[in-house]
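Biologist: I should like to learn how to read the features of a structure that is new to me. May we take them in turn?

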Amino acid sequence: MKTLLPGCVAGLFLLTACAPKPRLPVYAAINQEGITSVGSPMLFGRCTRSALERNPYRTWFETAHQAYSVDTAALAAFRPLPPDVEIAVFFGTWCGDSRREVPRLVKVLDFLKAQPAQVQFIALDSRYGRYKQSPGQEQRGLGIFRQPTFVVRRQGEEIGRIVQHPVETLEKDLARLLTGTAYEPAFGASWKLYQRFKRGQTTMTEAEVARFASENRSTLSNIYALDGFGFVLASEGRYAEALTVYRINALCFPNDAIAFNSLGDVYRQTGRSRLATANYRKALALDPDMENPRKWLGLKNDVALVR
């Protein structure tokens, strides 16, 4: 791992080394670099725009930045960006959607004359065990399951977010958020569940699960739209919420082994072995070669599941 540490931050470490203050967290470093599982360089953790303007990231950043034309009319009323507005940019330098949308957002923010302090860049890891996480855990509790996600805050409170791609355009979506107009981002089913969980409603009855699945099935392009959200929740130990998401997903995609494998994982992680086994068996009934349920059921590769 390589770390690019600005001189001012390095000096801060030296000045505070012996001071009677809590130890600085390791994520105080910025512009950290690592290698993805396929051998490509990536940024992870808090980073700066200037890091994206350096090799090897500048190739895709500058290309997308220069090619984008900002709809100035859509955002003219918000120029300069109000001082009480901040945007947290969660993205992956390894992610194609991030490579497309982040440079565009930066150009939009250039037009809005956003100050550096109003924009926080958080690059998420792609490696196993750290997937979609930052070393500072800035994403924790925010339901960040798609990259990029642009979280817009006013006076420190989230007023909305753009998830993976705008619903209309970046400019029109931002204008809706800044005016307080009703706005639902892409992956609306996950957004609705996230809002519910924020209110402390972490579980659902069978009837509620069935109703939510019925009302939102047509909005789900594939099983991963909810499965990814459940994965993030489970990785944060929010098992009740993850279970709610996976139960809905299993109703929406009853013929997909992934739905029951994910349910099996959460039941196993919470010590409910009987339910875990039942769902792993459902997964294997749909996909007899699926590796994860075979492993947890103790089946060797050449042994078929006896139903």
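**Reading the model feature by feature**

Modeller: Let us begin with one residue: glutamine 155 is exposed, at a relative accessible area of 66%. Here exposed means over 50% relative accessible area, buried under 20%, and partly exposed in between, with a 1.4 Å probe and protein chains only. This is a predicted model, in which local features need pLDDT of at least 70 and side-chain atom pairs count only at pLDDT 80 or more, whereas totals for chains, interfaces and linings use all residues. Residues are numbered from 1 along each chain as its sequence is written, and side-chain values use heavy atoms, with hydrogens and water left out.

Biologist: What is the sign of phi at glutamine 155?

Modeller: Most residues other than glycine have a negative phi, and most peptide bonds are trans. Glutamine 155 has a positive phi of about 55° although it is not a glycine. This residue lies in the loop between strand 6 and strand 7 (157-163). Helices (H or I, at least four residues) and strands (E, at least two) are DSSP runs, numbered from the N terminus.

Biologist: Is glutamine 164 buried or exposed?

Modeller: Glutamine 164 is buried, with a relative accessible area of 12%. Its phi is positive too, at about 65°, although it is not a glycine. Its place is the loop between strand 7 and helix 6 (170-179).

Biologist: Where do cis peptide bonds occur, and which residues do they join?

Modeller: One cis bond joins asparagine 55 and proline 56, with omega about 5°. Proline 56 sits in the loop between helix 2 (49-52) and helix 3 (58-67). Another joins glutamine 147 and proline 148, with omega about -5°. Proline 148 belongs to the loop between strand 5 (119-123) and strand 6 (149-154).

Biologist: Why is helix 6 described as largely enclosed?

Modeller: One counts its buried residues. Seven of the ten residues of helix 6 are buried, so the helix is largely enclosed by the rest of the structure. Those buried are Leu170, Glu171, Asp173, Leu174, Ala175, Leu177 and Leu178. The cover over them includes helix 4 (72-75), strand 4 (85-91), helix 5 (96-111), strand 6 and strand 7. After helix 6 comes glycine 180, with a positive phi near 80°.

Biologist: How does one read the packing of helix 7 against helix 9?

Modeller: One compares their axes, which are lines fitted to C-alpha atoms, for helices over the stretch in contact, with angles from 0 to 180 degrees between N-to-C directions. The axes of helix 7 (residues 188-198) and helix 9 (residues 224-235) come within 9 Å and cross at roughly 30°. Contact means heavy atoms within 4.5 Å. Ala189, Ser190, Leu193, Tyr194 and Phe197 of helix 7 meet Ala225, Leu226, Phe229 and Leu233 of helix 9. By class, this contact has eight nonpolar, one polar and no charged residues. In this scheme Ala, Val, Leu, Ile, Met, Phe, Trp, Tyr, Cys and Pro count as nonpolar, Asp, Glu, Lys and Arg as charged, and the others, Gly among them, as polar.

Biologist: How many disulfides are counted?

Modeller: A disulfide is a pair of cysteine sulfur atoms within 2.5 Å, and by this rule the count is zero. Cysteine 95 is buried at 9% relative accessibility, and cysteine 252 is buried at 7%.

Biologist: What does the protein chain contain as a whole?

Modeller: The protein chain has 13 helices and seven strands. Buried residues make up 48% of its 307 residues.
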